[in-house]
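Please look through the sequence and the model below before reading on. The briefing that follows takes up the sheet, the core and the aromatic rings in turn.

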Amino acid sequence: MKDLLVLINLFLAVYGKAQGQSQKFNFTFNPSKFIQINKLNKASGKEVIFDLYDIHGKKTKYITADKTSEALRRQKIYSFKGKSEDGTKLITLTIASGKLTGAYLENGNSYFIEPLDKNCKKKYKIYTKPDGNYQVGQIEDAVK
């Protein structure tokens with residue numbers, strides 16, 4: 001019995017370490033509808049609220065400022081910077097080509113937000129950078 005408990009604890013320790021190396025949470029977000037509801041096609045410089053999630057799947061309200069220049073707005077590219085309502089996360093988001101991308105910082109850790117796959121405009125993932133030499137974030141930038 002003692003050996004079984006040791007084996008279970010060892011498995012949980014190894015499994016927990018593997019899970020801690022790369023976390024991911026998937027969610028749904030509609031950028032086109034968000035732009036329409038918030039009337040982002042017109043310059044306003046107003047506060048913009050994003051109801052998104054954190055890496056643990058907890059719904060989080062991000063309060064951002066619209067940092068979009070007129071030149072980018074004409075190209076339907078929108079940029080936002082802000083923080084979570086509780087002030088624990090700093091976030092930067094971009095909507096370009098009808099897709100949301102960005103990242104937030106919490107307790108010195110970076111979490112990336114991007115489409116679940118390159119052709120998807122409504123399903124997104126939040127993830128940490130996996131261990132190893134992997135490229136993360138927006139690989140093909142919409143602004144050249």
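How many aromatic pairs does the structure hold? The structure, which is a predicted model, holds 11 aromatic pairs, and two of them are described below after the sheet and the core have been introduced.

**The sheet**

- There are 8 strands in an open sheet, and read across the sheet their order is β1-β8-β7-β6-β5-β4-β3-β2, with antiparallel pairing.
- Because β1 (24-28) and β2 stand at the edges and each has a single partner strand, one side of each is left without a neighbour in the sheet.
- From one strand to the next, the twist averages 25°.
- The partner of β2 is strand β3 (residues 59-66), to which β2 is joined by 7 bridges in an antiparallel arrangement, and within this pairing Ile 49 stands opposite Ile 63 in β3.

**The nonpolar core**

- The largest nonpolar core has 21 residues, and among these Phe 50 and Leu 100 touch the most other members.
- At least two residues of this core come from each of α2 (31-37), β2 (47-53), β4 (78-84), β5 (89-96), β6 (99-106), β7 (109-115) and β8 (123-127).
- Leaving aside residues up to four places away in sequence, the residues that Phe 50 touches include Phe 29, Phe 34, Tyr 62, Phe 80, Leu 93 and Leu 100.

**The aromatic rings**

- Phe 27 and Tyr 53 form a tilted pair, with 5.7 Å centre to centre and 45° between the planes; the two residues are 26 residues apart, Phe 27 in strand β1 and Tyr 53 in strand β2, and the pair therefore links distant parts of the chain.
- Phe 27 has a relative accessible area of 6% and is buried, whereas Tyr 53, at 21% relative accessibility, counts as partly exposed because the buried class is kept for values under 20%.
- Phe 50 and Phe 80 form an edge-to-face pair, with 5.0 Å centre to centre and 70° between the planes.
- Since Phe 50 lies in strand β2 and Phe 80 in strand β4, this pair ties together parts that are 30 residues apart in sequence, and both residues are buried.
- One aromatic cluster is formed by Phe 25, Phe 27, Phe 29, Phe 34, Phe 50, Tyr 53, Phe 80 and Tyr 124, and it contains the members of both pairs described above.

**A charge over a ring**

- Lys 125 lies over the face of Tyr 127, at 5.2 Å from the ring centre.

Conventions: Residues are numbered from 1 along each chain as its sequence is written. This is a predicted model: local features need pLDDT of at least 70, side-chain atom pairs count only at pLDDT 80 or more; totals for chains, interfaces and linings use all residues. Side-chain values use heavy atoms; hydrogens and water are left out. A nonpolar core is a set of buried Ala, Val, Leu, Ile, Met, Phe, Trp, Tyr and Cys residues joined through side-chain atoms within 4.5 Å. Buried means under 20% relative accessible area, exposed over 50%, partly exposed in between (1.4 Å probe, protein chains only). Helices (H or I, at least four residues) and strands (E, at least two) are DSSP runs, numbered from the N terminus. Contact means heavy atoms within 4.5 Å. Two strands pair if DSSP finds at least two bridges between them. Axes are lines fitted to C-alpha atoms, for helices over the stretch in contact, and angles run from 0 to 180 degrees between N-to-C directions. Rings of Phe, Tyr and Trp (its six-membered ring) pair if their centres lie within 6.5 Å; planes under 30 degrees apart count as stacked, over 60 as edge-to-face and the rest as tilted. A charge sits over a ring if NZ of Lys or CZ of Arg is within 6 Å of the ring centre and within 35 degrees of the ring normal.
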